[in-house]
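The following paragraphs are an explanation of one structure, to be read with the sequence and coordinates at hand. They turn to an interface, a sheet and a single residue.

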Amino acid sequence: MVTARVEEPPPSAEAARVERELAERGWEVSSHLLWVTVARRGGEAEQAEGRTREEALARLVEALRLDEGARLP
Amino acid sequence: MAYASETRERLRREIETIREAGLFKEERFIHAPQGAEIEVEFPAGEAARPVINLCANNYLGLSSHPEVLAAAHAGLDRRGYGMSSVRFICGTQDIHRELETALTAFLGTEDTLLFPSCMDANAGVFEALFDDQDVLIADRLVHASIVDGMRLSKAMRDTYKHADMGHLEEKLAEHQDRRTRVIVTDGVFSMDGDVAPLDQIVALAERYDAMVFVDDSHSSGFMGATGRGTHEAKGVMGRIDIITTTLGKALGGASGGCVSGRAELVELCRQRARPYLFSNSVPPVIVAAALKVLELVGRTTERRDKLEENARYWRRLLTEAGFDLKAGESPIVPVMLYNAKLAQEVSRDLFAEGIYVVGFFFPVVAKGQARIRTQLSAAHEKHHLDRAIEAFAKVGSRHGVLGLGRDEIVARFGL
């Protein structure tokens, strides 16, 4: 499958500073780009993320499947 | 009021939209303890009138059982009203431990942890146990609380078609690269009353190295020969990794739920599950009554046997009267009407005839699957069901649905 990948830019000075601060508090920080895909219908909305557009859409589809299932208490 | 009038207007419009969509939920005020016969004030302000209740989750008829009430009173006297604490600070009494031990023995697991409700158990369990290295593979019709719990977890979410073992197997094969695969299902599904094929699910889990999670809220207390739940009914006691269930249905009907299963999984929930950590203990009065419920359920199978017989009898009456039913073996018996307006009118007319049932239609159930969900109880006597079927036959005849299958109902009333 062909997937759209974008080269990630180097962190800005501000991003590097925040990452350093978090590291000092014991966090191992990694940042990466994600595809965010959103589905809206009337007042409903669902969102999913993925490293590729296809991955994000696949997760969105599964989330919607759970949302759309009929439900009774 | 702190918020601006535009905000108030927006919220009012949203309420109106719910009303226009036919989804506005109105409470009906019951002027009696829960039971087979109750008095209901509806619409609000009208005098309360006696009706036969066919829509409670009071499967074993224990909600108002005299021994359960006496145990609740005794619990109140001996251990007080509230704990004013979460469990791990100063909210655990001896009877909490006693109830968890009793539930563990009843469900045939290794350990149990109480939650304020099964909704809370489901909200907490996935986040506590799984992360982004794991995958949760859920039946597409699992309970709403499971959907919410899965959302709170960082684990990958996937689904399989309802009760479709071929599709589940495909998903298990697809996710072999994940650290843990978890199959997530209800034991009995609340909408159709159908039973998950747990025997096949466990076999697949063992073949593909997966865990099995079952929400047995609509089963605990009556499914299986001694009422242990769906795992007993399907011959897989001791082979389910995680069971969540409620004390709010068959097991007394008040509130409270639990996570039960492998000891280390339950311990992790005790350490991490946020609804356990950040909400108050189940009140002593409920704990004391639930202990009595488990004693009653363990003493005899009389009530679950009666429930099973009532469900069989009710299915037969409805079938003979000419209603179209969802096939099943649980005490949830959906009467299929397919058309939303028809379901609303039939339930309204049944209420006028003294039968309390609720019509469900899209989006609560799938489009074209409108129905009246009837639920049996061991508190029902034959005369209740005989009276109910008279009303069903009368209303069904008035609407011309008796003897009609899906296609004929759809042809006459549309979807």
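Contact here means heavy atoms within 4.5 Å. On that basis, the contact between the two chains takes 24 residues from chain B and 12 residues from chain A. The model is a predicted one, in which local features need pLDDT of at least 70 and side-chain atom pairs count only at pLDDT 80 or more, while totals for chains, interfaces and linings use all residues. Residues are numbered from 1 along each chain as its sequence is written, chains are lettered from A and ligands numbered from 1 in the order in which they are written, and side-chain values use heavy atoms, with hydrogens and water left out.

The size of an interface is often given as the accessible area lost when the parts come together. Between chain B and chain A the buried area (the accessible area, 1.4 Å probe, that two parts lose on being put together, summed over both) is about 1500 Å², and carbon and sulfur atoms give 54% of it. Within chain B, the residues that lose the most area to chain A are B:R140, B:R151 and B:R157, together 29% of what that side buries.

One of these arginines also takes part in a salt bridge (a side-chain nitrogen of Lys or Arg within 4 Å of a carboxyl oxygen of Asp or Glu): the side chains of B:R151 and A:E46 meet at 2.4 Å, N to O. Three salt bridges are found across this interface. On the side of chain B that touches chain A, α6(B) gives the most, with four residues. Helices (H or I, at least four residues) and strands (E, at least two) are DSSP runs, numbered from the N terminus.

Elsewhere in chain B lies an open sheet of three strands in the order β11-β14-β13, with antiparallel pairing; two strands pair if DSSP finds at least two bridges between them. Its edge strands, each pairing on one side only, are β11 (332-338) and β13 (358-360) of chain B. β13(B) pairs with β14 (residues 370-375) of chain B over three bridges, and B:V358 stands opposite B:R373 in β14(B). Helix α13 (residues 302-321) of chain B packs on the sheet and touches β11 and β14 of chain B.

A final residue, B:A290, belongs to helix α12 (residues 284-299) of chain B. B:A290 counts as buried because its relative accessibility is 3%, where buried means under 20% relative accessible area, exposed over 50% and partly exposed in between (1.4 Å probe, protein chains only). Leaving aside neighbours within four places in sequence, B:A290 is in contact with B:L99 and B:L247.

Technical notes:
Axes are lines fitted to C-alpha atoms, for helices over the stretch in contact, and angles run from 0 to 180 degrees between N-to-C directions.
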